[in-house]
Amino acid sequence: MSLLAWMYDLARDQSPGVERLEDWLKRSAAAGYNALGLYLEHRFAYPSAPWAAADGALTPEDARVLARSARRAGVRLIPFLNTLGHMEGFIGSRGGTWLAEGPPDQPLLSLQMCPSRAECRDFARALVADALAAFDDEWVHLGGDETRQLGQCPACAQRVARIGPGGLYGEYYGDLCRWVLARGRRPCLWADMLLQHPDALACVPRETVLFDWQYDQGPAETTGRLRAQGFDVVCCPALHTFDSAWCFLGLTQQNADQHALEARECGAAGLCLTTWEFTGLSSFESILPLVMAVARRWRGAAWHDAIVAEGGAGYAAAAEILGREIPAAAAFLAPGTWRQLRRHLVFSQNPFRLWLAWRDEAPGDAGERVLSLCDAAERALPAGSPLHYPIELHRRAVGWVRDVQAADGHYARGESAACVAALERGAAQLERLRPFVEAAALGGGSRVDGARLDVLLRHVGEVVGRIRALEPAGGRWLPAFEWLVMDGYVPGEQPGWGVRVR
Ligand SMILES: [Zn+2]
């Protein structure tokens, strides 16, 4: 296999900057990678779409500097765009909602643009042209994954009735891939939609490189099918960080090992480790040694040796605790669950949802085990290690749920001053995450997470205000605590319509 790559998800609020990326290129070469993919979406300052470039987006000049550094490091630098699905960063920008496939009355619900409208096709070509001008690798990745809205708008629905969703997808990408080939470059696509709609494969030129991402299983069966159709295929495992509070280490190791084995058996063109979504109280810096360790593993090292070589013995010990022992300590955090801690705490924009989801477990023995494992992981680490952030996240999440549980008890007993005090203790726990969030932003990570933390704390303050506004009950009606803490709470509304009709 010639290609040993990893892909960095720059699109989710990240602002690594040129120097840090240059450092990663050197580290990548030392660890054994020969390519780095930059997953850009809207975080590249496309000259054709200047309205979509927010602060911290990678610029074409940055890309030219990096392309030169990459050549010096002996690492290919491959741009990964998206050109049909996952256009939400464009659609959510002023000047971009016209791209939405639908529904027409709620364009912000659209993750996809329309493959039938000529102006959308031209928009995609302009993005690709911008990338071809800034990056010099032979390959350009056009994305194409998770286009689940195929056939939604009236124009697309008409075409789907005639040629099916595979025909719609195949015609769109067949055209774009030939357009790239005509410019002397080689197009790449994620394979998931082609596997789902195999009739689309007939439309796609055979020079297209297909990236077969399989995060919960090996790629043998799917890559075998694509190889049988005459395509070069890159097999793509993932770091199981996007679906966890920090990382499911066992799933990651199994996924990376299985891909290495089966990619070889299938005659794949290479491997690409994908890393996704370092946002929502998540830190890429804390993961970087694991990224590099995967290349060492693929070059034959034992896992433990690979992680120690990249992160040091303390990092390796703490990673075992965070990535294996903590997920085993609480059913809520178990491998295979979907980032429940961060989903309920931060993505929900209402931290009381974490209490609702975890109140049966966090206040008891499981929470105690998580807290003592956090202490053990912290003892293994030097000061300043980026792993202190995920440790603190686990610790404060347990503490928050416990404080809300106490507040609920006080509320039930009519002790509103004690209820408010417990919530204020809980808010102080969440505030303890602030220095880690700020350090992650300075380290190239999400610049949005500080504002996300503000949203959570504002909601706690709002709930405290609601409690203070309630008259002492004296046996009369009061809202349930579960209703009082909800986003749609309206004072005096007994049936809780604000939750039920959403
Ligand atoms: Zn359409």
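# A walk through a two-domain chain

Let us begin with a pair of strands: strand E6 (residues 209-213) and E7 run parallel and are joined by 5 bridges. Within this pairing, Phe 211 stands opposite Val 234 in E7. Strand E7 (residues 232-236) is mostly covered, since 4 of its 5 residues are buried. As you look at these strands, keep in mind that you are viewing a predicted model.

Now step back to the chain as a whole. Its secondary structure comes to 20 helices and 8 strands. The radius of gyration is 24 Å, close to the 23 Å that the globule rule gives for 502 residues, so the chain is as compact as a globular protein of that length. Along the principal axes, the C-alpha atoms fill a box of roughly 80 × 55 × 40 Å. Of the 502 residues, 51% count as buried. It also helps to ask how far along the chain the partners in a contact lie from each other. Among contacts with a separation of 6 or more, 71% are between residues 24 or more positions apart.

The next stop is the interior. The largest nonpolar core has 168 residues, and those with the most contacts inside it are Ala 5, Leu 36, Phe 211, Val 234, Leu 271 and Cys 272. You have already met two of these names, Phe 211 and Val 234, facing each other in the strand pair. Helix H15 (residues 388-412) provides the largest share of this core, with 10 residues. Domain 1 (3-311) and domain 2 (323-500) both give residues to the core, so it lies between them.

Leu 36 is a good place to pause and look around. If you leave aside its neighbours within four places in sequence, Leu 36 is in contact with Ala 5, Trp 6, Tyr 8, Trp 24, Leu 25, Ser 28, Val 75 and Leu 77. One of these partners, Ala 5, is also on the list of core residues with the most contacts.

Let us turn to how the two domains meet. The chain is divided into domain 1 (3-311) and domain 2 (323-500), and 34 Å separate their centres, taken over C-alpha atoms. Their contact takes 26 residues from domain 1 and 27 residues from domain 2. On the side of domain 1 that touches domain 2, helix H1 (17-31) and helix H8 (249-266) each supply at least two residues. H8 gives the most to that side, with 3 residues. What classes of residue does this side of domain 1 have? There are 11 nonpolar, 11 polar and 4 charged residues.

Finally, visit two residues that lie in helices. Leu 456 is found in helix H18 (residues 449-469). Is Leu 456 buried or exposed? A residue counts as buried if 20 or more other C-beta atoms lie within 10 Å of its own; Leu 456 has 23, so it is buried. Not counting residues up to four places away in sequence, Leu 456 touches Val 346, Pro 351 and Leu 430. As for Trp 358, 98 residues apart from Leu 456 along the chain, the C-alpha atoms of the two are separated by 17 Å.

Ala 428, by contrast, is found in helix H16 (residues 416-431). Ala 428 has 15 C-beta neighbours inside 10 Å, so it counts as partly exposed. The C-alpha atoms of Ala 428 and Arg 396 are separated by 9.3 Å, although these residues are 32 apart along the chain.

Terms used:
Residues are numbered from 1 along each chain as its sequence is written. This is a predicted model: local features need pLDDT of at least 70, side-chain atom pairs count only at pLDDT 80 or more; totals for chains, interfaces and linings use all residues. The radius of gyration is taken over C-alpha atoms; the globule rule is 2.2 Å times the number of residues to the power 0.38. A residue is buried if 20 or more other C-beta atoms lie within 10 Å of its own, exposed if 12 or fewer, and partly exposed in between; C-beta atoms are placed from the backbone. Two residues are in contact if their C-beta atoms, placed from the backbone, lie within 7 Å. A nonpolar core is a set of buried Ala, Val, Leu, Ile, Met, Phe, Trp, Tyr and Cys residues joined through C-beta atoms within 7 Å. Domain bounds come from an automatic or database domain assignment. Ala, Val, Leu, Ile, Met, Phe, Trp, Tyr, Cys and Pro count as nonpolar, Asp, Glu, Lys and Arg as charged, and the others, Gly among them, as polar. Two strands pair if DSSP finds at least two bridges between them.
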